[in-house]
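I opened the notebook today to go through the backbone and the sheet of this model, element by element. The entries below follow the order in which I looked things up.

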Amino acid sequence: MAQLDTDTISAIATPPGRGGVGIVRVSGPAVSEIAETICGKLPEARTATVTNFLSTDSSVLDSGIALYFSAPNSFTGEDVLELQGHGGYQVLNALLRRTLECGARLARPGEFTERAFLNDKVDLLQAEAIADLIEAGSEQAVRSAMRTLQGVFSARVEELVNQLISIRVNVEAAIDFSDEDIDVLADTGVASALTEATNLLLAIFKQANQGALLQEGISVVIAGAPNAGKSSLLNALAGNESAIVTDIPGTTRDLLKEQLSLDGLPVHITDTAGLRESEDQVELEGVRRARQVISQADRILLLIDATTIDLDDSEFLSDALTLLAQEQDTGAWLEEYADRLCVVINKTDLLEDPVNGQGSTNYQEHVLTSFHISAKQGLGIDAIKSYLQSSCGFEAMTEDGFIARERHIQALKKTEKLLDSARSGVSKQLPLELIAEDLRLAQQSLGSITGQVSSDDLLGEIFSSFCIGK
């Protein structure tokens, strides 16, 4: 566990730029001395005090409001001073320099929140939720981050931890009575308790997975041959003219990115250069970048021009998939990417007998989701949006939903494996010491979520992603 730094720290807590009000925040043991030096006196705790902010020669740097919070009744658990002055760049930097002259040092990114965590004002989940609240990209994400900040996620994890502690007590007791003719595991219902704990874990995992999707979203790549209508599809999904649309093949040579929100689900869409052989070095670089993002995408929309294929020919996908697979065998490529691939037949409005809607396409023993659309006319776009939500398991968040991160998901998956191992150990009557160790590690994995068990490296990685004034 990281040790609490006893330095007094200071930073600008408001975004850079011009505004009516800007805030310099100070936290640590020297706050009272700094307040007396800059404000002329220590303001009354938790009371807004109108005052002048004084420079070294006692001239007035700025005037505004000073707020003083005495330890432990503050965000960080330390003495905290907030100097609320005018929001100009030069004014705030002058105030910041003045606090540094008085003995503070510049705060590291996230150090205020880190101190709140180390002083038990928030747990690690709540600390992360502060950053998630600031970065929230939708109203739904804001509400979910607030629920995590208010302790909803932590309470669920704590409930599961308490169940594991109770089971561990019974298993440890069984070890103590192993030489006697007493079946402690059966008498205390360890097997059923493990099943109950697993069910609770799965319920938490489902909510956390929704929260992670709400926080991180999914990445979607539009790929295909030149002139298939990729830019038109990007514009139709985004609802604006982000990409240039022409009949000239190869117009898009770089990656074009857009972000949209589907009922709160952030979708990061990338339009790519048309996949084809070329001697143009710029176009080749665009194709290389396209292949790179395709390999990393959560969903791949393979766009095919309906006017260039015979829909009755089951092999119409062959050429398009060969372009995607490049030097890889098409079958091997599909084994890796089939669950992320969706076939989109575009320009169906140009066919004599237009067919629109969602279906499936069979290719080399793979069943691929497919759509028949007209990106230009907006036909079938809503169906693709619905598919993007349902294919990743996203649902509208409930009132008790919460925000989550990938590290939380991985910790819950690890816990599930350990509980499965413990249940298997009970059913197979394995040595009790092995079951006890699985339960100990499961509890430790859950503890890493809330910060009850954490390493300095983990804390450094988490808090370094915060803004400096937080």
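I began with D120, and I noted from this predicted model that its relative accessibility is 70%, so the residue counts as exposed, the cut-off for that being over 50%. I then checked the backbone of D120 and found a positive phi of about 60 degrees, although the residue is not a glycine. I placed D120 in the loop between α3 (111-118) and α4 (124-135).

I looked next at R46, another residue other than glycine with a positive phi, in this case near 60 degrees. I located R46 in the loop between α1 (31-39) and β3 (49-54), and at 56% relative accessibility I recorded R46 as exposed.

I also went through the peptide bonds and noted a cis one that joins A71 and P72, with omega at about 0 degrees. When I traced P72 along the chain, I found that it lies in the loop between β4 (60-69) and β5 (80-87).

I turned to the sheet that contains these two strands, and I wrote down an open sheet of 6 strands in the order β3-β4-β5-β2-β1-β6, with mixed pairing. I asked myself which strands stand at the edges. They are β3 and β6 (105-106), and because each has a single partner strand, one side of each is left without a neighbour in the sheet.

I followed the pairing from the β3 edge, where β3 and β4 pair in the antiparallel sense over 6 bridges. Within this pair I noted that T51 stands opposite G64 in β4.

I then examined β1 (9-12) and β2 (19-27), which run antiparallel and are joined by 4 bridges; here I found I12 opposite V24 in β2. The hairpin of β1 and β2 has 6 residues between the strands, and I noted that G17 takes a positive phi near 125 degrees in this hairpin.

On the other pairing of β1, I recorded that 2 bridges join β1 to β6 and that these two strands run parallel. The bridge partner of S10 in β6 is L106.

I checked what packs on this part of the sheet, and I found that α3 lies across β1, β2 and β6, running at about 135 degrees to β1.

I moved on to helix α5 (residues 139-149), and asked which of its residues are buried. I listed Q140, A141, S144, A145, R147 and T148 as buried. Because these residues cover an arc of only 155 degrees around the axis, I could put them on the same side of α5. I noted also that α5 is followed by G151, whose phi is positive, near 100 degrees.

I closed with totals for the protein chain, which has 16 helices and 13 strands. Of its 470 residues, I noted 49% as buried. For contacts between residues at least 6 apart in sequence, I recorded that 68% join residues at least 24 apart. The protein chain exposes about 22,500 Å², and I noted that carbon and sulfur atoms supply 48% of that area.

Methods. Residues numbered from 1 in each chain as written. Predicted model: local features only at pLDDT ≥ 70, side-chain atom pairs only at ≥ 80, totals over all residues. Heavy atoms only, no water. Buried < 20%, exposed > 50% of the residue type's maximum accessible area, 1.4 Å probe, protein only. Arc of directions from axis to C-beta. Pairing = 2+ DSSP bridges. Contact = heavy atoms within 4.5 Å. Axes fitted to C-alpha atoms, helices over the stretch in contact; angles between N-to-C directions. Areas by Shrake-Rupley, 256 points an atom, 1.4 Å probe, with all protein chains shown as cover.
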